[in-house]
Amino acid sequence: MSDREAEALVAVQTALARPPVVHAARLLSWFGEHSAGWLLLGVAGAAVDRRRRPEWTVAATSVVAAHAVSIVVKRVVRRRRPHHAEVQVLAGTPSKLSFPSSHASSTTAAAVAYGALTNQPLVPLLVPPMMVSRLVLGVHYPTDVLAGAVLGAVVARGVRRVVWGRR
């Protein structure tokens, strides 16, 4: 961890870690854990929108793929979660590994895939709150969430391209 990343993390927590924000961040964390909330939205879309069920299935698959790839990268990189005297860890995590953020990966994949499917600009609506929530909770460094978001976007676009071509 660089001193600048720790300073940035402390600055985010100092500015934002108030009870309502921490509560919202914990809800986002719970929803995004193991990409479950995003996967359930994809399954619901496939169940409701029968005409586009294959597209919803591919979109949901990209969410799971982004989460899986992020876990593999975490195990290769092995960066430890924030551990600094001024950083408050405000949520539990399933592992001690930090890079990249799986929450940012799966959220970005969902925003890209479901946004393309619904023709809605979901990335600016969904991704920044999840990224900031991981910093507020003190469980990731800024580069963890940035890398996670990039990874999620690449995986979502890659899955779509592999399955549908340039469609």
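A residue is taken as buried when its relative accessible area is under 20%. By that cut-off Arg79, at 18%, counts as buried in this predicted model. Its partners are a good place to start.

Arg79 takes part in a salt bridge with Glu5, with 2.5 Å between the closest N and O atoms. Since Arg79 sits in the loop between α4 (53-77) and α5 (102-118) while Glu5 belongs to helix α1 (residues 3-16), the pair ties together parts that lie 74 residues apart in sequence. Glu5, like Arg79, is buried. Arg79 also forms a salt bridge with Asp144, and here the closest N and O atoms are 2.8 Å apart. Asp144 is found in helix α7 (residues 142-164), so this second pair links the loop between α4 and α5 to a part 65 residues away in sequence. Asp144 is buried too, with a relative accessible area of 0%. Through shared partners, the salt bridges join Glu5, Arg79 and Asp144 into one network.

In total the structure holds 3 salt bridges. One of them pairs Asp49 with Arg52, the closest N and O atoms being 2.7 Å apart. Asp49 is buried, at 17% relative accessible area, whereas Arg52 is partly exposed, at 22%. As for the general background, side chains of opposite charge can pair when their charged atoms come close.

Turning to helix α2 (residues 19-32), its length works out as it should. With 14 residues at 1.5 Å a residue, α2 is expected to span 20 Å, and its end C-alpha atoms are indeed 20 Å apart. The buried residues of this helix are Val22, Ala25, Ser29 and Gly32. Viewed down the axis of α2, they fall within an arc of 95°, so they line one face of the helix. These buried residues pack against α3 (36-48), α5 and α6 (123-136). On the face of α2 turned away from the buried side sit the exposed residues Pro19, Pro20, His23 and Trp30. Just after the helix, His34 adopts a positive phi of about 55°.

Val21 is another residue of α2, and at 33% relative accessibility it counts as partly exposed. Together with Leu16 and Val132, Val21 makes a nonpolar surface patch of about 180 Å².

Technical notes:
Residues are numbered from 1 along each chain as its sequence is written. This is a predicted model: local features need pLDDT of at least 70, side-chain atom pairs count only at pLDDT 80 or more; totals for chains, interfaces and linings use all residues. Side-chain values use heavy atoms; hydrogens and water are left out. A salt bridge is a side-chain nitrogen of Lys or Arg within 4 Å of a carboxyl oxygen of Asp or Glu. Helices (H or I, at least four residues) and strands (E, at least two) are DSSP runs, numbered from the N terminus. Buried means under 20% relative accessible area, exposed over 50%, partly exposed in between (1.4 Å probe, protein chains only). Patches are made of residues with over 30% relative accessible area and no salt bridge: like charges are joined within 9 Å, nonpolar side chains (Val, Leu, Ile, Met, Phe, Trp, Tyr) within 5 Å. Accessible areas come from the Shrake-Rupley method with a 1.4 Å probe; for residues, only the protein chains shown count as cover. The expected span of a helix is 1.5 Å times one less than its number of residues. The arc is that of the directions from the helix axis to the C-beta atoms. Contact means heavy atoms within 4.5 Å.
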